[in-house]
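Open the viewer and set a cartoon view. This tour goes stop by stop, with a selection to make at each one.

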Amino acid sequence: MKAIIAATVLGIIMMYAGFMVKEKKTILSIATLLFVLLLGVNVWELMTAKAGVVETLFHYQLVISPFSIWFNTLMTAGTLLYVLLMGNDIINVGKNVGEYFALFFFILVGVYLLSSFNNMLIMFIGIEILSIPQYILAGSDKRNLKSSEASLKYFLMGAFSTGILLMGITLIYGATGEFNISSFSFIQMQHINPLALTGLLFLIISFSFKVSAAPMHFWTPDVYDGSPTPFTAFMATIGKAAAFMGFLRLFHTSFASISGSWTMVLAIITAATLFVGNITAVFQQSVKRMLAYSSIAQAGFMLFAVVSVSAMAWQGLIVYAVAYTIATLGMFAVLLKLKDYTFDGFNGLAKKEPFLAFVATIFVFSLTGIPLTAGFMAKYMMLQAAMTQGNLMWLVIFALLMAAVSAYYYFRVIIAMYFKQGDTEMTGEICITDKILLGFTALLVLLIGIAPQILLPKGI
Amino acid sequence: MILLLLILIPFLLGIFSFMAKDAAKNVALFGSLCSLAVSIYVADFCGKEQVAPISFPWMPAIGAQFSLAADGMAAMLCLLTGIIFLVVLLLNRNKAIENPASYYGLILLSQTGLMGVFLAADALLFYFFWELALVPVYFLCSRWGGERRIAVTFKFFVYTFLGSLMMLAALIYLSLQTNGVNSMSWQNIIAAGKALPLVQQHIIFWLLFVAFAIKMPIFPFHTWQPDAYEQAPTQVTIILSALMVKMGIYAVLRWLIPVLPEATAYWANTIMTLSIIGIIYASLIAMVQTNVKRLVAYSSIAHMGLMCAAAFSGTELSNHGLMVQMFNHGINITGMWLIVNMVEQRYGTQDFKKMGGLASTAPGIAIALVIISFANIALPLTNGFIGEFMLFSGIFQSASQYHITFMAVAALGIILGAVYTLSMVQKVAYGENNSGVVSVAPMSSTELLAVCVLLALIIALGVFPQPLLDLVLIK
């Protein structure tokens, strides 16, 4: 609860700071400071939380467990890392810099709600708080037509899927008479109500929109490509991880008892997502667009957590979300240093900036899932979770085939950097702070790859 | 602790090489000498008493430990790795290469991976090292290889990566069948595999076998191999063909046959048939090659086919022969590549129709070529003979109803092997000099040293193979 209040208040402070302060660099410093503060509040909440004890608020509408606080802390830390890595690029997007940071705080409020809702209406509010600032961020480069197009597209699609979400909630309410996700009682029904099943399907469809799962993924490449690159990085990582958390929380808390009626649908969606994301990524010429498709492909892997109803899924999602977030943020940070976003733009980077090429290699390794990187452990946990399910072996093998395909387009970056000749054009000097931060990010990737248990402390 | 040294020496010196700039060459040589010394010590120690296995907790949540153990087979392969890396690093010392620090650093890192694969007693650790051996080789081939290196190496990488992922799925599945404590340890994986119902065993068997077959490579998973061998720099080709293919055989012996005995028995005929098709197929293709490197590459497929067939014959004799042959094949193929490399440098071509007359211009190299070729076709008194002899009698004794056919067809492969090897020797060493190169430089001192080490091993193990047999029989 403390974190939710803190994020709201800090967001408002940030907004006013944006009016008061004109110097962009100062705003960035204030924002960084406030994010550190917010992380501090999260850590404080984590320290005071007791293992196995949940805090309930507003008549069980919010149930804050140590697990959700831990997820919130990780996501806040991820946002801080993001601001540190790309702060200078964020403040160069447009004029009203304070607003962007304020929006990040509000998005975090959405993240916190999605990790601890116990009522479908709170979930709805969480999703809206998460999404609306992202629509604005997508269009923040106002003079750029592509950015405006991205924003409008994102907004229309998002509004559409929100409508479906509401319809789903209504139908579920009609069938059960409950908004409270932990008290649906499907077991007592003789047959599952067709209303409930339709509602369930609507919920799956609308969440698939939010996490960009095929065949509801069409907005993703255009939005990610059109949005200003720093904001794409945020939407593809923190925004997506939070939506997954909501997805997982809703389906594993309330619909686990009738998992037989929806896992197959979701398994097919997962397979389709993996297929579409990976195969389309192969044909991209721009690294930014490739990362957009790769985010669809990675969403396919994250869907494993939702498909496999087991305790491992929660841990797996934490590891996957963090591993994917760090590596993608790092990759976008490298991308922002280059002028040309095509694969050819990476040619010869290893000669010109060996350090940049080296960290990019580690990020690419992690996204591919090479051992000793975070991405490997993430994939490992997802496969493990899926295999405990028993009847998903076909999906596991299909996912592995697709992972091999993903090596193809990820390694094109490495081939360009190391084995091709060229003169990479940089946007500017790479200062020592950038190097330290990128080095730190790469180190995190390796650390999680060697000891993933640091992401899963006891008692969460 | 001594086992940890085998991994730490190449790893730390490899990292150091990256920073050592021009001294990297010597750092790497020093590292390989140290590793060789330690691996000799381990092999020697192994003959007398058990080497203490080591084990640290690593990822308790998923049941993985950092545990290493060495029996006779592992000690033998570590020894082979030590010898081959020394030879590799003695080779081409005078040739300037671009960015030596990264080159030698990556070579040592691949050595780390190989040592780890042979020593790991935990499935996840095994998988980690399996990939660690692959990634540096990918960079080595793509950066320092021949003209078509990028595409060829990429194919090789994606192929083996796919195989690795399949193995990963199988290992996770097996670990889930245990009670969850140290579920990745070798003993637990074996217990889990043996207890599986046959239907699941079939699936897991093929997941594992495809991964290992791609590495060996076994027909029809071999298509990456000739191109990769041809395009890789010779030193890396040696690592690939002498050691990395052994990872495949080793993995079959350690992580497949004991884990899934029933499925192995069920599929043995199929695998043996594939392997023997591979022998004949590769030998026939080798006969029409005019490129020396490709010829040796195809001959390697033929040899691996024989080893794989023997591995699935299920007799004790062929198992012992396999261990001996793994070592000997590593030595012989390294010798072949050494000579090929020397000849290629001197004539400036890989096409042996444009060579010739080596015996009169550089008799030293020609003699070495003849001896190594004899070893390669398993002539008695060379080291190749004893191993192949045991493999054949093992296949002959196997319980398979087709054992005589298998043995007869495989023996045909040996005859074909003699045909293409000797015709290559004849065209390179004797006959007209078609190259236009008048004076061929004799061996340099480091080349001579490397060749002498190998020739000594070939003759010594051919005449008196008992020490090797003693070593590999230790459980």
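**Stop 1: a helix pair in chain A.** Select helix 9 and helix 12 of chain A and show side chains. From helix 9 of chain A, the residues that meet helix 12 of chain A are Thr229(A), Pro230(A), Thr232(A), Ala233(A), Ala236(A), Thr237(A), Ile238(A), Ala241(A), Phe244(A), Met245(A), Leu248(A) and His252(A). Their partners in helix 12 of chain A are Ala313(A), Trp314(A), Leu317(A), Ala321(A), Tyr324(A), Thr325(A), Thr328(A), Leu329(A), Phe332(A), Leu335(A) and Leu336(A). Colour this contact by residue class: 17 are nonpolar, six polar and none charged. Keep in mind that this is a predicted model.

Now look at the geometry. Helix 9 of chain A covers residues 229-254. The axes of helix 9 and helix 12 of chain A lie 9 Å apart, and the packing angle is about 170°. Angles over 145 degrees count as roughly antiparallel, so helix 9 of chain A is roughly antiparallel to helix 12 of chain A.

**Stop 2: the nonpolar core.** Stay on helix 12 of chain A, residues 311-336. What does this helix give to the largest nonpolar core? Its share is 19 residues, the largest share of that core. The core itself has 374 residues. Select the residues with the most contacts inside it: Tyr320(A), Ala323(A), Met76(B), Ala169(B) and Leu208(B).

Centre on Met76(B). Which residues does Met76(B) contact, beyond its neighbours within four places in sequence? They are Ala43(B), Met323(B), Phe327(B), Leu471(B) and Val472(B).

**Stop 3: where the chains touch.** Display both chains. The contact draws 22 residues from chain A and 20 residues from chain B. On chain B, select helix 5 (123-144) and helix 6 (149-176); each supplies at least two residues of the side that touches chain A. Helix 6 of chain B gives the largest share of that side, eleven residues. Colour the chain B side by class: 17 nonpolar, one polar and two charged.

**Stop 4: Trp144(B).** Select Trp144(B), which is found in helix 5 of chain B. Trp144(B) counts as partly exposed because it has 19 C-beta neighbours inside 10 Å; buried would take 20 or more. Leaving out neighbours within four places in sequence, Trp144(B) is in contact with Ile97(B), Tyr103(B) and Pro233(B). Now add Val236(B). Its C-alpha atom is 9.5 Å from that of Trp144(B), with the two residues 92 apart along the chain.

**Stop 5: chain A as a whole.** Zoom out and show chain A alone. Chain A has 17 helices and two strands. The radius of gyration of chain A is 21 Å, close to the 23 Å the globule rule gives for 460 residues, so chain A is as compact as a globular protein of that length. Along its principal axes, the C-alpha trace of chain A spans about 70 × 55 × 45 Å. Buried residues make up 58% of chain A. Take the contacts in chain A between residues at least 6 apart in sequence: 81% of them join residues at least 24 apart.

**Stop 6: chain B as a whole.** Switch to chain B. Chain B has 19 helices and two strands. Its radius of gyration is 21 Å, which agrees with the value near 23 Å for a compact globule of 475 residues. The C-alpha atoms of chain B fill a box of roughly 70 × 55 × 45 Å along the principal axes. Of the 475 residues in chain B, 61% count as buried.

Technical notes. Residues are numbered from 1 along each chain as its sequence is written. Chains are lettered from A and ligands numbered from 1 in the order in which they are written. This is a predicted model: local features need pLDDT of at least 70, side-chain atom pairs count only at pLDDT 80 or more; totals for chains, interfaces and linings use all residues. Two residues are in contact if their C-beta atoms, placed from the backbone, lie within 7 Å. Helices (H or I, at least four residues) and strands (E, at least two) are DSSP runs, numbered from the N terminus. Ala, Val, Leu, Ile, Met, Phe, Trp, Tyr, Cys and Pro count as nonpolar, Asp, Glu, Lys and Arg as charged, and the others, Gly among them, as polar. A nonpolar core is a set of buried Ala, Val, Leu, Ile, Met, Phe, Trp, Tyr and Cys residues joined through C-beta atoms within 7 Å. A residue is buried if 20 or more other C-beta atoms lie within 10 Å of its own, exposed if 12 or fewer, and partly exposed in between; C-beta atoms are placed from the backbone. The radius of gyration is taken over C-alpha atoms; the globule rule is 2.2 Å times the number of residues to the power 0.38. Axes are lines fitted to C-alpha atoms, for helices over the stretch in contact, and angles run from 0 to 180 degrees between N-to-C directions. Angles under 35 degrees count as roughly parallel, over 145 as roughly antiparallel, 65 to 115 as roughly perpendicular and the rest as oblique.
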